[in-house]
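User: I'd like a close look at a single part of this model, please. Could you pick one helix and walk me through its surroundings in one go?

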Amino acid sequence: MELDMAADELKSVLNRLKRAQGQIAGVVRMIEEGRDCEDVITQLAAVSRALDRAGFAIIATGLQQCVADGEQPAVDRNRMRARLEKLFLSLA
């Protein structure tokens, strides 16, 4: 399945991923500086949420495309559904 996202959707996902990238760099610095464990865990949780949201947005786009392409044979739709379900569960 090829990812085909609208420009605004793509921008949103990229912004989330860039935010997570910055947060990961911050976590690395915090660990290197010997910062408080609670602060590190809080930042790790924020990174996890940002990555999850980006992943869910990508999967939602895939689901939307799958539903919009209702002209596929049932076998192909079932296979696509199984693949999307597997992707979704990988984020759970």
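Analyst: Happy to help; what follows is a walk through helix H1 and the residues around it.

A word on confidence comes first, since this is a predicted model. The mean pLDDT of the protein chain is 81, and 78% of its residues reach 70 or more. Among the elements, H1 has the highest mean pLDDT, at 89, while helix H3 (residues 74-91) has the lowest, at 74. That makes H1 a pleasant place to look closely.

Now for the setting. The protein chain has 3 helices and 0 strands, and read from the N terminus its elements run α-α-α. Of its 92 residues, 21% count as buried. The chain exposes about 6700 Å², with carbon and sulfur atoms supplying 56% of that area. If you take the contacts with a separation of 6 or more, residues 24 or more positions apart account for 69% of them.

Helix H1 itself covers residues 7-32. What span should its 26 residues have? At 1.5 Å a residue, the expected value is 38 Å, and the end C-alpha atoms are 37 Å apart, so the two agree.

Next, which residues of H1 are buried? They are Val13, Ala20, Gln23, Gly26, Val27 and Met30. Gln23 is a good one to follow. With a relative accessible area of 17%, Gln23 counts as buried because the cut-off is under 20%. Leaving out residues up to four places away in sequence, Gln23 touches Gln43, Ala46, Val47 and Ala50. Gly26, also in H1, has 14% relative accessibility and is therefore buried too.

One of the partners of Gln23, Gln43, belongs to helix H2, which spans residues 37-68. Gln43 is partly exposed, at 29% relative accessible area. Seen from its own side, and setting aside neighbours within four places in sequence, Gln43 is in contact with Gln23, Val27 and Met30. Those three names also appear in the list of buried H1 residues.

Some C-alpha separations help to place Gln43 against H1. From Gly26, 17 residues away in sequence, Gln43 is 8.0 Å away in space. From Ile24, 19 residues away along the chain, the separation is 8.1 Å. From Met30, 13 residues away along the chain, it is 9.4 Å. Another pair you can check in the viewer is Asn15 and Ala50: they are 35 residues apart along the chain, and their C-alpha atoms are separated by 9.6 Å. Asn15 lies in H1 and counts as partly exposed, with 36% relative accessibility. Ala50 has already come up as one of the residues that Gln23 touches.

H1 also has residues that show at the surface. Leu10, Leu14, Leu17, Ile24, Val28 and Leu51 form a nonpolar patch there, with about 440 Å² of accessible area together. H1 gives the most to this patch, with 5 residues. Ile24 is found in H1 and is partly exposed, at 40% relative accessible area. Val28, likewise in H1, is partly exposed at 39%. Why can Ile24 and Val28 be counted in such a patch? Their values of 40% and 39% pass the cut-off of over 30% relative accessible area, and Ile and Val are among the nonpolar side chains that count, so both qualify on those points.

Finally, let's step off the end of the helix. Just after H1, Gly34 takes a positive phi of about 70 degrees. On either side of Gly34 in the numbering sit Glu33 and Arg35, which form a salt bridge with their closest N and O atoms 4.0 Å apart. Side chains of opposite charge can pair when their charged atoms come close. How many salt bridges does the structure hold? The count is 1. Glu33 is exposed, with a relative accessible area of 55%, whereas Arg35 is partly exposed at 41%.

To put the picture together: H1 has buried residues such as Gln23 and Gly26, and Gln23 touches Gln43, which is found in H2. H1 also supplies 5 residues to the nonpolar patch, and Gly34 with its positive phi comes just after the helix.

Methods:
Residues are numbered from 1 along each chain as its sequence is written. This is a predicted model: local features need pLDDT of at least 70, side-chain atom pairs count only at pLDDT 80 or more; totals for chains, interfaces and linings use all residues. Side-chain values use heavy atoms; hydrogens and water are left out. Helices (H or I, at least four residues) and strands (E, at least two) are DSSP runs, numbered from the N terminus. Buried means under 20% relative accessible area, exposed over 50%, partly exposed in between (1.4 Å probe, protein chains only). Contact means heavy atoms within 4.5 Å. Accessible areas come from the Shrake-Rupley method with a 1.4 Å probe; for residues, only the protein chains shown count as cover. A salt bridge is a side-chain nitrogen of Lys or Arg within 4 Å of a carboxyl oxygen of Asp or Glu. Patches are made of residues with over 30% relative accessible area and no salt bridge: like charges are joined within 9 Å, nonpolar side chains (Val, Leu, Ile, Met, Phe, Trp, Tyr) within 5 Å. The expected span of a helix is 1.5 Å times one less than its number of residues. pLDDT is the predictor's confidence in each residue, from 0 to 100.
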